[in-house]
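Subject: The structure we talked about

Hello,

Here is the structure I promised to pass on. Please have a look at it first, and then read my notes below.

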2 protein chains.
Amino acid sequence: MALIIQKFGGTSVGNPNKIKAVAERVIKKQKEGNQMVVVLSAMSGETNRLTDFALEMQDIPDPREMDVLLSSGEQVTVSLFSMAVKAKGEDAISFLGDQVRINTDSSHTKARIASIDIERIQAEMANGKVVTVAGFQGVAANGDITTLGRGGSDTTAVALAAALHADACEIFTDVEGVYTTDPNICSKARKIDRISYDEMLELASLGAKVLDIRSVTYAKQYNVPIHVRSTFTETEGTWVVEEDKEMEGRIVSGVTYNKNEARITISGVPDQPGIAAKIFTPISDADVLVDMIIQNQDTGNGLTDMTFTVVRSDYQRTMQILRKVAEEIGATGGVHGSENITKISIVGVGMRNHSGIASTMFKVLAREGINISLISTSEIKVSCVVEEKYTELAVRALHDAFELDKANVPEAETL
Amino acid sequence: MALIIQKFGGTSVGNPNKIKAVAERVIKKQKEGNQMVVVLSAMSGETNRLTDFALEMQDIPDPREMDVLLSSGEQVTVSLFSMAVKAKGEDAISFLGDQVRINTDSSHTKARIASIDIERIQAEMANGKVVTVAGFQGVAANGDITTLGRGGSDTTAVALAAALHADACEIFTDVEGVYTTDPNICSKARKIDRISYDEMLELASLGAKVLDIRSVTYAKQYNVPIHVRSTFTETEGTWVVEEDKEMEGRIVSGVTYNKNEARITISGVPDQPGIAAKIFTPISDADVLVDMIIQNQDTGNGLTDMTFTVVRSDYQRTMQILRKVAEEIGATGGVHGSENITKISIVGVGMRNHSGIASTMFKVLAREGINISLISTSEIKVSCVVEEKYTELAVRALHDAFELDKANVPEAETL
């Protein structure tokens with residue numbers, strides 16, 4: 001008997017009929033002899049509906065109250081789903097984040113899971129019940145409801161899979177799996193059969209929306225095999241698993257883009273030890289995540305520039321914070337930035353063993369007349385920030401150049 | 001400094017603008033030097049929307065899951081309300097039933113409050129916050145969400161007022177107070193300024209929808225003054241308070257009707273000791289509340305009839321249970337009933353000191369050609385079950401006969 005976690009996103013449970021269809025799918029899997037734990041998101045559209053209400057109340061909705069508000073979304077789907085399972089003659093029970101309980105820190109709207117109490121779930125599974133857990137939500141030590149941020153239901157599913165030592169974690173979504181790039185902007189995009197945790201981690205953190213990054217981190221840490229697949233077909237999707245030889249043979253596995261960042265530069269900063277800490281501590285204290293950071297070389301006048309990117313929704317807030325900081329530290333060039341940027345990235349574990357991949361990327365972008373404003377690299381990825389308007393062009397050019405439409409890619413040298 | 005509980009129903013918080021208006025009203029009261037605890041219902045229409053979803057899932061929705069589902073409604077309003085208060089520069093915090101916590105028994109969809117933990121509320125009030133509590137919901141000992149049934153938010157408000165030793169409990173609604181009868185069917189209906197707990201208790205239990213009966217029980221038990229008033233005006237409403245001399249001077253305070261019951265008769269029941277228990281134990285075990293019970297005199301053949309009323313939504317279920325019971329106990333006349341009935345009642349503490357009120361009621365109904373099928377009386381009320389189609393006629397005739405349109409009513413003898 002296998003223990004399987006199945007997570008269904010908002011479009012999969014978008015209306016009562018879809019919820020019933022999901023119930024049938026889960027029951028079928030259970031009847032094949034599996035123990036089932038189901039994680040559900042809010043109905044598609046619900047989170048936006050609630051967020052719109054919140055914005056009518058307060059320009060910047062209070063994070064604690066926002067979590068109370070948004071967590072009602074999954075509450076609706078898990079209860080309806082349990083009713084649907086019961087209507088089909090099987091037993092079911094729903095749990096909210098604070099009932100399981102899914103213990104998190106107290107960072108409202110972007111909490112992190114600290115631990116999961118699995119006793120009650122195990123007891124109900126032992127009773128033959130389909131156990132349904134509200135995704136996206138948890139509970140802080142003081143009993144406050146927390147949420148894990150957009151995509152948090154994936155994290156709930158994988159964290160549950162890890163805590164319960166599940167045999168597999170199936171993430172059902174409205175696409176058929178993980179693609180070499182976004183099929184909406186590149187018709188040659190190809191579904192990937194198997195991808196390593198590290199690659200998926202980069203793809204997720206770089207903008208691929210199919211899986212939430214924290215879910216992949218958990219999966220890697222606890223070696224939980226993730227199967228990303230479509231709710232609406234029986235087709236095999238993409239398995240996210242440990243790296244193997246075959247994967248290493250590929251140089252680039254995917255091209256991804258992220259329009260959700262903004263670029264900020266603080267200029268004329270006195271180039272002194274500790275200056276970076278003075279700039280980034282207040283930003284970090286405000287719970288703003290900084291992605292890429294570039295510090296220019298001091299050109300001799302004792303001043304330097306610092307450029308970095310943040311999530312676009314944090315842009316205005318970060319600009320406010322930074323203007324104060326600029327005054328305090330006497331940054332002569334002031335603060336400026338842009339929300340119209342995209343981060344384009346190529347990812348592949350094969351890069352570890354191949355040189356020249358980054359320069360190939362730069363050449364391809366240059367050939368298309370696209371200027372690069374920031375670069376960042378890791379062992380298995382290269383990212384370039386470009387103007388937002390070049391997004392589609394850059395993605396297609398790179399997808400072609402690295403021949404990602406082919407299942408087997410020739411050596412890098414032939415590019 | 002007074003401590004005031006204010007409860008706003010679904011129509012008072014029916015959309016974002018209304019929620020903001022309520023926030024302003026609460027803040028104004030706080031600024032007059034009061035500590036404020038606010039209890040909110042779900043937005044009007046929300047409970048029906050969710051119930052419709054549930055009925056699409058399951059013919060008889062699972063009660064535990066129904067509570068998970070419905071409790072999401074208040075979760076939305078309390079969080080939005082707290083945001084609205086914060087947007088106006090005051091501090092606020094929301095609590096759900098399981099956070100306060102409002103401890104209940106485990107009777108899903110109609111739980112009873114056992115106790116309330118007030119420490120957290122008191123601490124947040126001491127911090128100057130407007131504390132908002134989700135009405136209608138509580139938590140069972142095992143951590144399951146429970147709900148108190150329709151109108152349960154009133155109970156939450158009064159129970160909180162009692163637990164916190166509040167100075168007043170204001171119940172805001174879409175009407176201006178408690179009326180001598182339903183103004184929708186009797187144009188002469190008059191708003192009552194002050195009414196006793198006992199009268200309100202009878203009126204509420206007999207069908208007046210303005211206050212939930214359990215809230216009045218709590219209020220009486222802990223001597224919490226309730227002020228029923230309109231959300232949309234500043235007009236004084238109706239105070240529900242301890243009985244006084246003036247109230248005793250009135251014979252009948254109100255006429256009410258309840259179309260929400262159904263009548264069931266089990267005939268040809270062997271007239272033996274213990275037979276009533278055999279009939280009503282399985283009904284009570286199914287959590288069905290029985291209201292009026294009439295047992296006919298054994299006419300000599302050793303058989304009797306038993307007639308009673310239940311809430312209309314429990315009618316089909318009770319009929320099913322009773323058919324089994326009839327077979328088991330050998331009731332020769334079978335089970336029959338009707339859903340098309342109304343219970344018409346007159347209520348007044350003055351009845352204690354006046355005789356002949358019941359017979360006046362019977363005469364008035366007889367004059368209008370209305371047949372009475374069940375009668376039940378208490379110290380301060382007389383109820384008659386009649387055919388549903390006579391509801392309006394009966395109410396108007398009784399309102400006229402007892403001159404309820406006048407603030408001061410002459411002695412009964414003049415009727």
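Chain A has 14 helices and 20 strands; helices (H or I, at least four residues) and strands (E, at least two) are DSSP runs, numbered from the N terminus. Please keep in mind that this is a predicted model, in which local features need pLDDT of at least 70, side-chain atom pairs count only at pLDDT 80 or more, and totals for chains, interfaces and linings use all residues. Residues are numbered from 1 along each chain as its sequence is written, while chains are lettered from A and ligands numbered from 1 in the order in which they are written.

On overall shape, the C-alpha atoms of chain A fill a box of roughly 75 × 55 × 35 Å along the principal axes. Chain A has a radius of gyration of 23 Å, which agrees with the value near 22 Å for a compact globule of 415 residues (taken over C-alpha atoms; the globule rule is 2.2 Å times the number of residues to the power 0.38).

Next, how the two chains are related. A turn of 179° and a shift of 0.0 Å along the axis lay chain A on chain B with an RMSD of 0.1 Å, which is the relation of a two-fold axis. The superposition is by least squares on the C-alpha atoms of residues with pLDDT of at least 70 in both copies. In chain A, A:Ser72 has the C-alpha nearest the axis, 2.6 Å from it.

Now to the interface, where 26 residues of chain A are in contact with 26 residues of chain B (C-beta atoms, placed from the backbone, within 7 Å). On the chain A side, α2 (46-57), α3 (63-70) and α4 (72-87) each supply at least two residues, and α4(A) gives the most, with eleven. By class, that side has 14 nonpolar, eight polar and four charged residues; Ala, Val, Leu, Ile, Met, Phe, Trp, Tyr, Cys and Pro count as nonpolar, Asp, Glu, Lys and Arg as charged, and the others, Gly among them, as polar. The copies meet through the same surface, because 100% of the interface residues of chain A are also interface residues in chain B.

Two helix pairs across the interface are worth a look. The axes of α2(A) and α4(B), residues 72-87, come within 8 Å and cross at roughly 25°, which makes α2(A) roughly parallel to α4(B) (angles under 35 degrees count as roughly parallel, over 145 as roughly antiparallel, 65 to 115 as roughly perpendicular and the rest as oblique). Axes are lines fitted to C-alpha atoms, for helices over the stretch in contact, with angles from 0 to 180 degrees between N-to-C directions. In this pair, A:Leu50, A:Phe53, A:Ala54 and A:Met57 meet B:Val76, B:Leu80, B:Met83, B:Ala84 and B:Ala87. The residues of this contact are nine nonpolar, no polar and no charged.

For α4(A) and α3(B), residues 63-70, the axes come within 8 Å and cross at roughly 160°, and these helices are therefore roughly antiparallel. Among the residues making the contact are A:Gln75, A:Ser79 and A:Met83 of α4(A) and B:Glu65 of α3(B). This contact has six nonpolar, three polar and one charged residues.

Finally, some backbone details. The peptide bond from A:Val100 to A:Arg101 is cis, with omega near -5°, and A:Arg101 lies in the loop between α5 (97-100) and β4 (102-104) of chain A. In chain B, a cis peptide bond joins B:Val100 and B:Arg101, with omega about -5°.

Best wishes

Terms used
Two residues are in contact if their C-beta atoms, placed from the backbone, lie within 7 Å.
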